[in-house]
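Student: Could you walk me through this structure? I am new to it and would like to start with the bound molecules.

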Amino acid sequence: MINTKTLIMGSLLGMMIATGCAVSQSYNEEELGLRKVDLYSEKSVVSEPTSYSTVSAGESKVIQRSFENAPPMIPHDVEGMMEISKESNACTGCHMPEVAEAVKATPIPKSHFFDMRTQKVLTEMSQARYNCTACHAPQSANEPLVKNEFKPEYRKANGAQRSNLLDTLNDGVK
Ligand code: HEC
Ligand code: HEC
């Protein structure tokens with residue numbers, strides 16, 4: 001006859017076997033994550049060097065927009081242009097609509113001449129847009145560690161090359 005004690009022991013053994021099987025594949029800490037080194041030390045972590053475009057403005061190839069109305073990445077060399085100060089901003093020197101065409105640069109769009117708070121069109125570029133590199137960044141040529149499966153859907157045929165945020169700002173809201 002099976003008594004209660006044997007029954008409990010038996011079911012406990014069963015549970016141990018079952019859970020044991022589920023975790024039979026184990027990983028040590030050096031195999032976890034994407035960096036594959038000791039998680040408790042930064043000493044052996046070597047990040048891939050950045051490799052920004054060295055092609056000068058006017059000769060680079062624009063990068064496709066990541067999604068509709070994404071701020072475009074800077075495709076050209078920005079050496080010497082990143083010191084944006086009150087007195088000098090190299091970016092506006094080429095990208096202001098009145099000069100952009102002459103240097104074949106994409107003109108600063110309408111949305112940058114608009115006050116988002118008061119919803120008013122400005123006669124000058126919004127001060128909130130002055131520091132271009134707060135939103136526009138150069139891209140380093142590195143292989144991504146994880147493949148990006150995201151597929152953008154552009155509602156306009158040229159959505160991968162141009163933006164129109166101000167025209168679509170309230171889409172779905174009003
Ligand atoms: C000497 C002129 C010049 C200067 C200065 C300049 N750019 Fe450009 N920029 C261009 C041109 C021309 C292009 C188009 C690509 C090309 O021909 O290299 C471009 C492309 C871009 C693009 C991509 C636009 C698109 O349609 O995808 C961005 C974003 C950009 N520049 C931002 C900046 C920022 C931010 C600065 C300042 C840090 C800057 N640029 C300084 C001339 C310039
Ligand atoms: C607060 C973030 C922000 C700042 C600051 C900013 N931009 Fe943009 N920019 C964007 C976004 C978002 C877009 C795309 C959507 C749109 O049309 O506004 C864009 C679009 C652009 C485009 C593409 C226009 C087109 O027709 O496709 C250019 C060129 C550009 N910006 C240049 C600049 C320059 C030059 C500066 C600095 C003087 C600047 N931006 C400052 C966010 C910013």
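Tutor: A term first: a polar contact is a pair of N or O atoms within 3.5 Å, and within protein one must be able to donate a hydrogen and the other to accept it, while residues adjacent in sequence count only if both atoms are side-chain atoms. With that in hand, a polar side-chain atom of His 112 lies 2.8 Å from a nitrogen atom of ligand 2. This is a predicted model, in which local features need pLDDT of at least 70 and side-chain atom pairs count only at pLDDT 80 or more, whereas totals for chains, interfaces and linings use all residues. Residues are numbered from 1 along each chain as its sequence is written, chains are lettered from A and ligands numbered from 1 in the order in which they are written, and side-chain values use heavy atoms, with hydrogens and water left out.

Student: OK, which other side chains have an N or O atom 2.8 Å or 2.5 Å from an atom of ligand 2?

Tutor: The side chain of His 136 has an N or O atom 2.8 Å from a nitrogen atom of ligand 2, and the side chain of Ser 111 has one 2.5 Å from an oxygen atom of that ligand.

Student: And what are the protein donors of the iron atom of ligand 2?

Tutor: They are His 112 and His 136, each through NE2, at 2.0 to 2.1 Å from the iron. Donors here are N, O and S atoms within 2.8 Å of the metal (3.2 Å for Na, K and Ca), and water is not among the atoms, so sites may look incomplete. His 112 is in the loop between helix H3 (97-103) and strand S1 (114-115), and His 136, 24 residues apart from it, is in the loop between strand S2 (120-121) and helix H4 (165-168). Helices (H or I, at least four residues) and strands (E, at least two) are DSSP runs, numbered from the N terminus.

Student: Why is the arrangement around that iron atom octahedral?

Tutor: Because the 6 donor atoms around the iron atom of ligand 2 subtend angles of 87 to 178°; six count as octahedral if opposite donors are over 155 degrees apart and all others between 65 and 115.

Student: Switching to ligand 1, what coordinates its iron atom?

Tutor: His 76 and His 95 do, both through NE2, at 2.0 to 2.1 Å. His 76 is in the loop between helix H1 (4-22) and H2, while His 95 is in helix H2, 19 residues apart. The arrangement is octahedral here because the 6 donor atoms subtend angles of 86 to 179°.

Student: How far is the side chain of Thr 106 from ligand 1?

Tutor: An N or O atom in the side chain of Thr 106 is 2.7 Å from an oxygen atom of ligand 1.

Student: Last one: which helix gives the largest share of the shell around ligand 1?

Tutor: Helix H2 (residues 90-95) does, with 4 residues.

How values were computed
Tetrahedral: all angles 85-135°; square planar, octahedral: opposite > 155°, others 65-115°.
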